[in-house]
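User: Please take a close look at one part, the salt bridges, and explain each term as it arises. How many salt bridges does a search of the whole structure find, and are the side chains that form them buried or exposed?

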Amino acid sequence: MLRKEYKQHDYLINTYGSFTEARNDRNHVDERRYSGMLKMTAGGTLIMGIWSLIKSFMGMLDDMRSDFIADQVPVLIAIFGSVLVFAFFFIIGISFRFMVWRGACREAAGGKKRNGYIVCAIIILAYDVYAFAYFIYKVIRREADAQDVLKFVFDATSFAILCELISSAFRLRKVRNELKASESGGEL
């Protein structure tokens with residue numbers, strides 16, 4: 001894996017007395033970088049979940065409007081059914097993304113290794129792969145419209161954020177293991 005090479009400059013960072021060391025070696029800098037990236041992608045995952053819910057709510061309202069006009073279903077029944085469906089997808093959709101966000105932020109801040117959020121991220125990735133395949137299927141059958149293209153862009157963005165989140169989590173774990181090994185004087 002390629003790592004950025006750092007150059008030694010002519011000036012010193014800690015020229016004045018300090019109670020703590022600078023910790024500007026490669027592993028500490030990489031730890032801060034991957035920790036920041038993990039926290040940022042976790043926030044992006046949560047924001048994508050909120051956007052997904054808004055998008056599904058708008059789609060639900062559109063479907064409800066077309067169902068009401070087409071079938072003359074009583075408004076109260078249509079609203080009640082739509083609210084139940086929306087609540088179900090809200091609970092599932094935001095729960096997975098919230099668990100990813102919470103677990104990644106905890107690992108970035110405190111180093112608590114939890115694999116649950118990575119499993120949730122992989123499940124969301126699997127859904128994104130399904131969405132890609134379904135979009136390609138619709139394009140081949142020439143049934144894709146502008147809404148499908150926008151959904152594809154959304155799913156591609158979510159896929160990229162989740163891939164970076166998983167990559168940052170494993171890189172951060174590797175760097176922290178190297179730091180523990182160097183502090184204890186042993187090798188991995």
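Analyst: A residue is called buried when its relative accessible area is under 20%, exposed when it is over 50%, and partly exposed in between, using a 1.4 Å probe and protein chains only. The model is predicted, so to speak of local features requires pLDDT of at least 70 and side-chain atom pairs count only at pLDDT 80 or more, while totals for chains, interfaces and linings use all residues. Residues are numbered from 1 along each chain as its sequence is written, and side-chain values use heavy atoms, with hydrogens and water left out.

A search of the whole structure finds 6 salt bridges, each being a side-chain nitrogen of Lys or Arg within 4 Å of a carboxyl oxygen of Asp or Glu. Three of them, described in turn, are those of Asp-30, Asp-148 and Glu-143.

In the pair of Asp-30 and Arg-33, the side chains meet with N and O 2.8 Å apart. Both residues lie in helix H1 (helices are DSSP runs of H or I with at least four residues, strands are runs of E with at least two, and both are numbered from the N terminus). Asp-30 and Arg-33 are separated by 3 residues, about one turn of the helix. Helix H1 itself covers residues 26-71. The two partners differ in cover: Asp-30 is buried because its relative accessible area is 0%, whereas Arg-33 is partly exposed because its value is 32%. The side chains of Asp-30 and Arg-33 also make a polar contact of 2.8 Å, which is a pair of N or O atoms within 3.5 Å; within protein, one atom must be able to donate a hydrogen and the other to accept it, and residues adjacent in sequence count only if both atoms are side-chain atoms.

Asp-148 forms a salt bridge with Lys-138, and the closest N and O atoms are 2.9 Å apart. This pair links distant parts of the chain, with Asp-148 in helix H4 (residues 146-184) and Lys-138 in helix H3, 10 residues away. Helix H3 spans 116-140. Both Asp-148 and Lys-138 are buried.

Arg-141 and Glu-143 also join their side chains in a salt bridge, at 3.5 Å from N to O. Arg-141 counts as partly exposed because its relative accessibility is 45%, and Glu-143 counts as partly exposed because its relative accessibility is 41%.
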